[in-house]
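Dear colleague,

I am handing over the structure we spoke about, which you will find just below. My notes on it follow, and I would be glad if you read them with the structure open beside you.

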Amino acid sequence: ESEPPLQKTYKTLFEKQHITKHDTVVDECELPLIDLDQLNTGRREREKCVRDMAKAKEKLLDFHSETYRWGALSATDLQQLSWSEAFHIPLTNCSDSSHPDKSTLRRTINEYAAAVSDLAQQLAQLLTESLGLRSSCFAQNCGPSSCYMRLNRYPPCPVPYEVFGLISHTDSDFLTILHQDQVGGLQLKKDGKWIAVKPNQKALIVNIGDLFQAWSNDAYKSVEHRVIANRKVERFSVAFFLCPSYDTVIETCRRPAIYRKFTFGEFRQQVQEDVRRTGHKIGLPRFLV
């Protein structure tokens with residue numbers, strides 16, 4: 001079969017559980033747009049770009065080995081099931097020039113990975129400047145061995161009101177840069193309300209992750225988001241995750257600190273343990289002072 005056997009595999013969940021249809025009727029919005037060409041036109045324009053990014057945070061960013069996977073192995077109910085499949089590609093795989101695969105697809109992925117990796121480093125530095133700070137944290141700790149891309153596909157779903165394409169979550173990284181197609185389905189949470197993101201083929205979406213929230217001491221907030229399943233049309237997206245090595249210590253840049261110091265490996269281990277035990281990610285509240 002060309003499709004992941006999602007409905008067949010999770011048949012018992014559909015049979016044993018009383019179905020509660022989730023609400024997919026939400027307001028739609030366009031995210032704030034930042035023109036990064038300003039970075040190359042002079043000091044004044046660069047400073048304006050930094051100010052624009054800080055303002056965008058106040059408007060909408062402040063929402064409260066290649067591996068293939070699909071569904072959710074640990075799902076015990078439909079609210080934990082994601083109707084999607086994905087390839088996880090470490091950046092080290094993209095930069096391996098000795099790899100025997102010389103296909104056009106591989107070249108395209110390599111070129112995109114290099115460009116979006118550079119962009120992520122620039123954005124992290126600009127966000128740091130918006131706080132009146134300078135830091136080499138991201139350049140030193142977020143390299144090809146720890147960052148990765150995820151190629152996502154959301155197959156048509158025969159039960160779109162019973163499961164999500166991707167369940168609600170925040171990202172366990174510093175920054176996520178997302179390119180999505182024109183289908184739509186991405187929703188972000190703002191002030192306790194879900195908002196649908198209007199697709200824009202000429203722009204990339206930048207999400208703040210848990211680690212940047214902790215590092216900035218809540219100056220920037222991690223974005224809670226989800227993807228709505230679509231009955232008729234498949235959806236594609238490509239996400240880049242700016243992650244540090246597992247032994248990197250995450251420590252707030254401001255005082256008094258809201259979060260205690262922790263390593264990225266410790267954070268990931270706690271997230272996995274919580275998901276295994278409760279079915280859900282708890283995240284940063286585990287690391288409050």
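Please keep in mind that this is a predicted model. Over the protein chain the pLDDT averages 85, and 81% of the residues reach a score of at least 70. Confidence is lowest in helix 3, residues 43-61, where the mean is 61, whereas strand 13, residues 262-263, has the highest, at 98. Over residues 59-66 the pLDDT stays under 50, although the model has 33 contacts for this stretch beyond four places in sequence. Where pLDDT is low, the predicted coordinates should not be read in detail.

The sheet is a good place to begin. It is an open one of six strands, arranged in the order 2-3-4-11-6-9 and paired in the antiparallel sense. At its edges lie strand 2 (67-70) and strand 9 (205-208), each of which pairs on one side only. From one strand to the next, the twist averages 20 degrees. Strand 2 is joined to strand 3, residues 85-90, by antiparallel pairing over four bridges, and threonine 67 stands opposite histidine 88 of strand 3. Helix 5 packs on this sheet, where it touches strand 3, strand 4 (148-154), strand 6 (175-180), strand 9 and strand 11 (235-242), and its direction makes about 135 degrees with that of strand 6.

Turning to the interior, the largest nonpolar core holds 50 residues, of which Phe174, Phe212, Phe240, Leu242 and Phe262 touch the most other members. Helix 5 gives the most to this core, contributing eight residues. A second core, separate from it, has 13 residues, among them Leu6, Tyr10, Leu78 and Cys157. As for phenylalanine 262, its contacts, leaving aside residues up to four places away in sequence, are Leu211, Ala214, Thr248, Val249, Ile250, Phe267, Leu284 and Phe287.

One further residue of helix 5 may interest you. Serine 117 is found in that helix, which spans residues 104-130. Is serine 117 buried or exposed? Its relative accessible area is 17%, and because buried means under 20%, serine 117 counts as buried. Not counting residues up to four places away in sequence, serine 117 touches Leu91 and Phe240, and Phe240 is one of the residues named above for touching the most other members of the largest nonpolar core.

With best wishes

Technical notes. Residues numbered from 1 in each chain as written. Predicted model: local features only at pLDDT ≥ 70, side-chain atom pairs only at ≥ 80, totals over all residues. Heavy atoms only, no water. pLDDT = per-residue confidence, 0-100. Helix = DSSP H or I, 4+ residues; strand = E, 2+ residues; numbered from the N terminus. Contact = heavy atoms within 4.5 Å. Buried < 20%, exposed > 50% of the residue type's maximum accessible area, 1.4 Å probe, protein only. Core = buried A, V, L, I, M, F, W, Y, C linked by side-chain atoms within 4.5 Å. Pairing = 2+ DSSP bridges. Axes fitted to C-alpha atoms, helices over the stretch in contact; angles between N-to-C directions.
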